[in-house]
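Trainee: I would like a close look at a single part of this model. Please take the main nonpolar core and the charged pairs around the chain, and go through them slowly.

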Amino acid sequence: MNAVTPIKRPLTVRLATPRGFCAGVDRAIQIVERAIERFGAPVYVRHEIVHNKHVVERLKSLGAVFVRELDECPDDRPVVFSAHGVPKSVPAAARDRQMLFLDATCPLVSKVHVEAERHHAAGRHILLVGHAGHPEVIGTMGQLPEGSITLIETVEDAAAVERPGDRPLAYVTQTTLSLDDTAEIVRTLKARFPELPDPHKEDICYATTNRQEAVKQLADGSDLVLVVGSPNSSNSVRLVEVAMRAGAGSAKLVDDASQVDWRWFDNVSTVGITAGASAPEPLIQALIAAIGERFDMTLTDDPGEQETVTFKLPRALTA
């Protein structure tokens with residue numbers, strides 16, 4: 001007698017649009033790949049090129065060597081600086097050693113660096129809204145002399161910060177923050193310092209903005225939201241927080257399908273799926289396939305912002 005195939009429970013799966021790679025991440029990964037093609041292995045990379053363990057492991061398999069600091073790199077091999085940006089002292093040290101270096105800093109992070117330098121040149125003290133210890137924050141603070149920037153992490157910090165002497169103030173932000181949290185911090189700062197000038201263009205990048213708006217839409221009506229991304233990815237962690245605030249029954253961050261606890265799906269009829277800006281699409285498709293093996297799945301794509309942004313590669317890789 002043939003075994004009876006168990007009937008799968010119906011489940012609706014909604015995919016966020018947009019999700020996954022942004023233009024800055026795509027550019028950074030291409031820089032490492034092209035450098036290996038052009039110069040051969042090994043190519044050294046200072047810090048994780050982007051915050052995703054699967055991306056890092058794949059690049060290692062191609063010949064990338066990830067290090068924490070420049071002094072771990074030999075003089076005669078190329079080195080790539082991560083998408084998060086680096087303090088000015090890092091390329092300066094590379095030039096002193098006559099190293100071949102490629103800067104994979106996201107152009108939108110570089111825009112924040114330029115903005116900070118412009119304010120500093122105008123005599124302003126800068127308030128940087130961001131998370132202590134994040135590579136992007138370290139890189140931004142490292143663009144200017146020590147003491148030129150004060151880090152603001154919370155509304156409480158914004159309420160307590162003091163103006164240094166009689167210097168005018170300005171603010172910039174990390175590009176991967178929660179839009180809502182940042183808006184509250186900036187409101188607090190402006191209530192205390194009404195003269196604060198706004199950035200010429202919003203510092204929080206288009207990809208962070210679009211993914212947070214998409215997950216708000218996804219959370220509405222989803223019993224569970226799964227965010228594909230690594231736990232050290234700021235923008236991925238923010239998506240989980242935004243989903244919960246937007247009304248999702250539950251929201252979980254997973255590096256890949258192997259991290260799913262299928263008990264999360266108990267009493268769940270609609271699941272939303274999105275991914276941080278450093279998470280590759282194959283991880284999302286593998287998660288969908290794993291769900292499809294266990295449930296009678298109906299898959300839909302949420303409407304959302306269509307992204308067409310691209311960034312040029314360094315001339316050293318295209319000339």
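Mentor: What follows goes from the core to the salt bridges. Keep in mind that this is a predicted model.

Start with the largest nonpolar core, which has 29 residues. Val32, Ile49, Val50, Leu59 and Val80 are the residues with the most contacts inside this core. The elements that give two or more residues to the core are H1, strand E2 (43-46), H2, strand E3 (64-67) and H4. H1 gives the most, with seven residues.

Leu59 is a useful place to stop. Setting aside neighbours within four places in sequence, Leu59 is in contact with Ile29, Val32, Glu33, Ile36, Ile49, Ala64 and Phe66. There is also a second, separate core of 22 residues, and Leu226, Val228, Phe265 and Ile273 are included in that one.

One contact of Leu59 is a charged residue, Glu33, and Glu33 leads to the salt bridges. Side chains of opposite charge can pair when their charged atoms come close. Glu33 forms a salt bridge with Arg58, with 2.4 Å between the closest N and O atoms. Arg58 sits in helix H2 (residues 53-62) and Glu33 in helix H1 (residues 23-39), so this pair links distant parts of the chain, 25 residues apart. Are these two residues buried or exposed? Arg58 has a relative accessible area of 38% and is partly exposed. Glu33, at 21%, is partly exposed as well; the cut-off for buried is under 20%.

H4, named above for the core, also takes part in a salt bridge. Glu117 and Lys88 meet through their side chains at 2.3 Å, N to O. Glu117 lies in helix H4 (residues 107-121), while Lys88 is in the loop between strand E4 (79-81) and helix H3 (89-96), so the pair ties together parts that are 29 residues apart in sequence. Glu117 counts as partly exposed at 25% relative accessibility, and Lys88 counts as partly exposed at 42%.

A further pair is Asp181 and Arg245, whose closest N and O atoms are 2.5 Å apart. Asp181 belongs to helix H7 (residues 179-192) and Arg245 to helix H9 (residues 234-245), and the two are 64 residues apart. Asp181 is partly exposed, with a relative accessible area of 25%, whereas Arg245 is exposed at 53%.

Salt bridges can also join into a network, as they do for Arg19, Glu281 and Asp301. A search of the whole structure finds 18 salt bridges.

How values were computed
Residues numbered from 1 in each chain as written. Predicted model: local features only at pLDDT ≥ 70, side-chain atom pairs only at ≥ 80, totals over all residues. Heavy atoms only, no water. Salt bridge = Lys/Arg side-chain N within 4 Å of Asp/Glu carboxyl O. Helix = DSSP H or I, 4+ residues; strand = E, 2+ residues; numbered from the N terminus. Buried < 20%, exposed > 50% of the residue type's maximum accessible area, 1.4 Å probe, protein only. Core = buried A, V, L, I, M, F, W, Y, C linked by side-chain atoms within 4.5 Å. Contact = heavy atoms within 4.5 Å.
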